[in-house]
Structure formats: structure tokens, C-alpha cells
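Here are some notes for a colleague who is opening this entry without earlier acquaintance with it. Please keep the structure in view while reading, and go through the points in order.

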Amino acid sequence: MTSTPTTTSIEASPAVSHARPVLAILALAVGGFTIGTTEFMTMGVLPEVAEGVDVSVPTAGHIISAYAIGVVVGVPILAFFGAALPRRAMLVWLMAAYGAFNLLSAFAPNFEVLTVARFLDGLPHGAYFGVASLVAASLVTPERRGRAIASVMLGLSIANVVGVPLATFLGQQVGWRSTYLLGGLLALATMAMVLAAVPSVPGDSEASGRKEAREFFGSLQVWLTMAVGAVGFGGMFAVYSYIAKTVTDVGGLERGTVPVFVLALGLGMVVGTWLAGELAAWSVFRSLLLSGATGVVLMLVYYVAAPTGWGLLPVAFLVTATGSVLVVNLQLRLMDVAGGAVTLGAAMNHAALNIANALGAWLGGLVIAAGYGYRAPALVGAGLAAVGVAILLVSAVAHRRAGTVPAA
């Protein structure tokens, strides 16, 4: 059967005329930096948080899970009700809510209120990235839309190199509440930049939440793509979650070397996000297959290199670089297969990725608790990445049977 090409949803949407798209995309990327800094800085000040609200460190870790659950819950709800809203206004209101819930976190009197605040702060996360991706794509020509979306995601990657270390240092020196105050200030700065640099972008006037949900969740390709994110990307979190113990207990290095490895992970995200934009211009679907297969190999290399100490450093860099290529192209892929439900398609990727976060860390913890050591999560990661590749192949078969091909 001869396959016929599909038309992507983002390519079908009209471009918005704007004299300075670079500044607009920069403003959107600052929002990514704000969210990335706030999401990951909690891990760096978790002992201080635990002491501050009088709970154990493992119990304090539940606020990280609460945030992730908030992301998963918030994406479909906000996308459902916000598809027809003007997109610049929606970005401003999402970031306003993000800042407000950070302030609630900063002034939380006890652990229970803090947990609720972190859940609420997760709600705008995925919707912001989804709407920001749509706006960025509308500001440039079709062949540059992959790069534009990657630029928005680059803010999150840079946060892991700059924002998270600085916020962690601030929390350790001034107190953990100062980190959430910083998150609120960053959200305020994002709002100002979006209002100043991003043009007015209309929503989809014909969209309705019910119509979008029916079209989106009724698509086999949507479910397969989200499964790739929820399972295949879990491999990266299986190793990222236990990097500190892997470096010290397996690699035999001093505790002071752990920040170097964390920095390498962050730099890998930055490079991978940039590379993703270039690969997307070649082929989104092939980029997914390439990054998934490379991830399987890298997880196995990670397992072998862990006892060598510093030999693990370049492998850790490549793991997150490859994972970031997967993330950006999954975003593009989901926007493509979403059909008319473009708002949901742009946002649901982040719900899938937060499921991957929980799944990878949980399965990695299981094999460690079973006595297989801190190298074992890398094998779990290889298995998860392999399942992700298998799902992509199923997706390709489904395309062929339907007489279509994945959009390049």
C-alpha cells in the first residue's frame, strides 16, 4: 500500500505576524526557566524543608510527588477549559497562579499546607508549556517550528544548570522558604516579559473542551505517543533519581563530586534540547526512534561505567542529552497526532513525562530495595527505553495500516 503524508496540526495553524519573534520566544523560555528552577530546586533543599516543617526527609519527599501529581491532574483540566481562550492571556494567568502557589509554599505553616501548595503549584506546569509551544510555533515559519518549540523547552534545561544550583545555595544559606519566594519573583518577571514581548494570539474559537477531549483521547496514535513518554522516558529518571549514591557508593568518589555529575546532567539537557530542534527539522518520528534506541545502549553503558568513577561522567551527560531529544520530539509528535485538539496535544506531553518521573524512580527504588545495588536502576532504565522503542514501532505499524506515514 502506498502511504500518503499527513498534515501536522501545528503546520495547519496560521502564523502570527510579529516583528521580533526572538524576544517573544525568549520571554516564553523564561517561563520554562521559572518552572524548571522551581520544580527541581525542592530536591536540593529537601533536608532543610524536612527540618523546617518537622518531618523526616522521606516524608518531606512526598511534596515532590504532590507536585508531579498536580502536573498530571492540571494538564487535561486546564487544556479542556482553555482551548478557546486568547493564548497570551492564558499564559499570564497560568504564570500568575504559579507565582501565587509558590508564595503559599513559602509561607506554609506546616507540612500539610505545604503539600497542598506543591500540588496546586503543579497544576499550571504542563498547560504553560503546551500553550507556550503553540505560541512559539505560530511566530515562525513552518520549517522553524521545531526549533522554536525547542527554544521554549531550553529554558527548563538551562534551569538545571543555573537556576537550580543557585536556588539550592540560597535555600541552604538563607532558608528553604527563600527558594519559593524566588520562584514567585521569577513568575512575576515572566508575566512582565510575556506582556511586553509576546503578541496577542487568539485561541481556537471553534474549540470546545468536550470536542477536544473526544478527538484527542479517541486517537490510538495519541495513546501510543503518550505511552512512549510515560514509559520510555522513565529510564532517564530511573538513573537520575539515584545519581548521588551511584557516584559515591558504586563509583567510590567523594560526596563533594556529586554536584559535578549533577552539572553534567544539566548540561546534557541543554545540549540535547538544542539538538532536538535540529533533528526535528529532519524527522520527528525518526528522531524519536534514534533517541530511544540510543537510550537503551547508553543505559547499558551506564551500568558498566558506574564502578569506574569519573568514567561515568560523560555517560551521564549523554543520557540526559538523549532524553532531551526524546522530550522535545515527543512534544512535536503529540501536537501532530492530536488533530484538532491541538491545545491538549501540546500540553499532555508533560503529564506523560511526570508519570515517567514517578515510574522510573519507583522501579529504580524497587530493585535497590531488593538488594541489587545502585547500578541496577540502569538496567531498569534500559528496559523502559526498550519498551518505548517497541511502542514507537507499533505506532509505525498502525500508521501503515491506516495508509498514512508519521509526519516528518
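The points below begin with the chain as a whole and then turn to single residues.

1. Before anything else, please bear in mind that this is a predicted model. Residue numbers start from 1 along the chain as its sequence is written, and every position named below can be located in that way.

2. On the overall make-up, the chain contains 18 helices and 2 strands. Its radius of gyration is 20 Å, which is close to the 22 Å that the globule rule gives for 408 residues, so the chain is as compact as a globular protein of that length. When the C-alpha trace is laid along its principal axes, the spans come to about 55 × 50 × 35 Å.

3. How are the contacts in the chain spread between residues at least 6 apart in sequence? Of these contacts, 84% join residues that are at least 24 apart. As for burial, 55% of the 408 residues count as buried.

4. Turning to the surface and the charges, the chain exposes about 16,300 Å², and 70% of that area is supplied by carbon and sulfur atoms. There are 18 positive and 16 negative charges in the chain, and the mean positions of the two groups lie 8 Å apart.

5. Helix α7, which covers residues 111-138, deserves a look at two of its positions, one of them being P124. P124 has a relative accessible area of 4%, and because buried means under 20%, this proline counts as buried. Leaving out residues up to four places away in sequence, P124 touches L78, L94, A97 and Y98. For A97, which stands 27 residues from P124 along the chain, the separation between the two C-alpha atoms is 7.1 Å.

6. The other position in helix α7 is S133, and here one may ask whether S133 is buried or exposed. Its relative accessible area is 0%, so S133 is buried. With residues up to four places away in sequence set aside, S133 touches I149, Q331 and M335.

7. H399 belongs to helix α18, which runs over residues 376-402. With a relative accessibility of 7%, H399 counts as buried. Which side chain makes a polar contact with the side chain of H399? The partner is R333, and the distance in this polar contact is 2.9 Å.

8. F33 sits in helix α2, made up of residues 21-44, and with a relative accessible area of 21% this phenylalanine is partly exposed. Setting aside neighbours within four places in sequence, F33 is in contact with G155, L156, I158, A159, V162, G163 and L186. By way of another distance, the C-alpha atoms of F33 and T248 are separated by 29 Å, the two residues being 215 apart along the chain.

9. The last point concerns D54, which is found in the loop between α3 (46-52) and α4 (57-60). D54 is exposed, with a relative accessible area of 70%. What is the sign of phi at D54? Phi of D54 is near 60°, which is a positive value in a residue other than glycine. As background, most residues other than glycine have a negative phi, and a careful reader may therefore wish to look at this loop residue in the view above, keeping in mind that the model is predicted.

How values were computed: This is a predicted model: local features need pLDDT of at least 70, side-chain atom pairs count only at pLDDT 80 or more; totals for chains, interfaces and linings use all residues. Side-chain values use heavy atoms; hydrogens and water are left out. Helices (H or I, at least four residues) and strands (E, at least two) are DSSP runs, numbered from the N terminus. Buried means under 20% relative accessible area, exposed over 50%, partly exposed in between (1.4 Å probe, protein chains only). A polar contact is a pair of N or O atoms within 3.5 Å; within protein, one must be able to donate a hydrogen and the other to accept it, and residues adjacent in sequence count only if both atoms are side-chain atoms. The radius of gyration is taken over C-alpha atoms; the globule rule is 2.2 Å times the number of residues to the power 0.38. Contact means heavy atoms within 4.5 Å. Accessible areas come from the Shrake-Rupley method with a 1.4 Å probe; for residues, only the protein chains shown count as cover. Lys and Arg count as positive and Asp and Glu as negative; His and the chain ends are not counted. The place of a charge is taken as NZ of Lys, CZ of Arg, CG of Asp or CD of Glu.
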